[in-house]
Amino acid sequence: MIQENRIDWIQLFKKYGIIVVLILMVAGISILRPQFRTPTNLFNVLTQSCIFGIMALGMTFVIISKGIDLSVGSVLALSGVIAASLAQMPEAANKYFPGLPVLPAVIPVIVALIVASLCGALNGTLIAFTGIPAFIATLGMYTVARGLALIYTSGRPISTLSPGFTFFGGKIGMIPTPVVVYLLMIVVAWILLNKTRFGKSVYAIGSNLKAAEVSGIPIKRNFVKIYALCGLMAGVAAVVLAGRVQSVHPGAATGYELTAIAATTIGGTSHSGGIGTIWGAVVGALILGVLRNGLTLLGIHPYWQQVCEGCIIVVAVIIDMKTHTQKK
């Protein structure tokens, strides 16, 4: 009886251990730096976590399907600069389309989502129909999308955006709009992964590709959908980032793809496929957000912050290998 209870506690920790880690981190930093727990700073942590948190939602689908997407940071930059060029005010010094009137914000937003989704769908098409490994296909898109963003803008930032577009980086009452958008995306992603046939197909593909194919799941079509969804989330992140910074630089979001992968991995999504949750990705993003904010408040040099993040990612992958890969 005693042994059974012990096994339950171990299983419970394996399932919810990252929440314990997050709580311990929050408690420890709050003790060391009381300013951490102020409402203003906590909202700041949430807002900073939103960009790569939204990207991590899409990355969760990709990694559950046993893939990876290295292009989301570049796709964010490309979709962001195109959308921002359509959202500039007439008085902008470097207006991309001089004769273009101020468009309703919904138009550049939709354009950003379409561009990002198409980039993701192209990734999925290459992987599904040519057999190129996801690492290579998305690495190619990583370079192509960043190059196109630089060509489109001639390497210059696009600024002076319309108030309707920058609304996505502002506040609704006391709550930052990026947090509201993030919550909406969490709900959408959770429903897609847990309550739809598409979500079940993602798990099946990641668990056993051949078995999924034999059972009649349209593998190629689902690969296109999975990577298109990941691209779409990068487009949403682009809109939020542009609204928050009120400009978009073609070099924006460099390295964000690694942060999104890290958040997903820390959240328990297995790189061996078939295992992962939306709430895990959310907690993983919060852990990275709390870590960055806490280390900054503690006066840790940014270079050492990168070292800490890297160590956490390696530990997360080792735990993943020990708990999931060996079982398979």
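Colleague: In which helix is Ile151 found?

Modeller: This is a predicted model, and in it Ile151 is found in helix H5. That helix covers residues 134-153.

Colleague: Is Ile151 buried or exposed?

Modeller: A residue counts as exposed when its relative accessible area is over 50%. Ile151 has a relative accessible area of 65%, so it is exposed. For its place in space, take Leu78: the two residues are 73 apart along the chain, and their C-alpha atoms are separated by 10.0 Å.

Colleague: How many helices and strands does the protein chain have?

Modeller: The protein chain has 13 helices and four strands.

Colleague: How do I read the radius of gyration of the protein chain?

Modeller: Set it against the value for a compact globule with the given number of residues. For 328 residues that value is near 20 Å, and the protein chain has 20 Å, so the two agree. The C-alpha trace can also be described along its principal axes, where it spans about 75 × 55 × 35 Å.

Colleague: What share of the residues counts as buried?

Modeller: Buried means under 20% relative accessible area. In the protein chain, 48% of the 328 residues count as buried. As for the surface, the chain exposes about 15,800 Å², and carbon and sulfur atoms supply 71% of that area.

Colleague: Which contacts join residues at least 24 apart, and what is their share?

Modeller: Start with the contacts between residues at least 6 apart in sequence. Of these, 79% join residues at least 24 apart.

Colleague: Where can I look at such things in one helix?

Modeller: Try helix H12, which runs over residues 278-297 and holds Leu288. Leu288 has a relative accessible area of 1%, and therefore it is buried. Not counting residues up to four places away in sequence, Leu288 touches Phe52, Thr259, Ala262, Ala263, Ile266 and Glu309. Gln48 is 240 residues from Leu288 along the chain, yet their C-alpha atoms are separated by 9.8 Å.

Colleague: Why does Gly284 count as buried?

Modeller: Gly284 is also found in helix H12. Its relative accessible area is 0%, so Gly284 is buried. Leaving aside neighbours within four places in sequence, Gly284 is in contact with Ala263, Ile266 and Gly267. From Gly284 to Ile266 the C-alpha distance is 5.1 Å, with their positions 18 residues apart in sequence.

Colleague: Where is Gly274 found?

Modeller: Gly274 is in the loop between helix H11, residues 256-266, and H12. With a relative accessible area of 15%, Gly274 is buried. Gly274 and Ala87 are 187 residues apart in sequence, and their C-alpha atoms are 40 Å apart in space.

Colleague: How many positive and negative side chains are there?

Modeller: The protein chain has 22 positive and 8 negative side chains. The centres of the two sets lie 3 Å apart.

Colleague: What is the nearest side chain of opposite charge to Arg146?

Modeller: For a salt bridge, a side-chain nitrogen of Lys or Arg must be within 4 Å of a carboxyl oxygen of Asp or Glu. Arg146 lies in helix H5. The nearest side chain of opposite charge is Glu257, 5.0 Å away, and Arg146 has no salt bridge although it is buried. Arg146 does touch other residues, among them Gly73, Ser74, Ala77, Met141 and Pro250.

Colleague: What is the sign of phi at Thr160?

Modeller: Phi is a backbone angle given in degrees, and at Thr160 it is positive, about 55°, although the residue is not a glycine. Thr160 lies in the loop between strand E1, residues 158-159, and helix H6, residues 163-166. The relative accessible area of Thr160 is 31%, so it is partly exposed.

Colleague: Which value does phi of Gln246 have?

Modeller: Phi of Gln246 is near 65°, again a positive value in a residue other than glycine. Gln246 lies in the loop between helix H10, residues 219-245, and strand E4, residues 247-248. Gln246 is partly exposed, because its relative accessible area is 47%.

Notes:
Residues are numbered from 1 along each chain as its sequence is written. This is a predicted model: local features need pLDDT of at least 70, side-chain atom pairs count only at pLDDT 80 or more; totals for chains, interfaces and linings use all residues. Side-chain values use heavy atoms; hydrogens and water are left out. Helices (H or I, at least four residues) and strands (E, at least two) are DSSP runs, numbered from the N terminus. The radius of gyration is taken over C-alpha atoms; the globule rule is 2.2 Å times the number of residues to the power 0.38. Buried means under 20% relative accessible area, exposed over 50%, partly exposed in between (1.4 Å probe, protein chains only). Contact means heavy atoms within 4.5 Å. Accessible areas come from the Shrake-Rupley method with a 1.4 Å probe; for residues, only the protein chains shown count as cover. Lys and Arg count as positive and Asp and Glu as negative; His and the chain ends are not counted. The place of a charge is taken as NZ of Lys, CZ of Arg, CG of Asp or CD of Glu.
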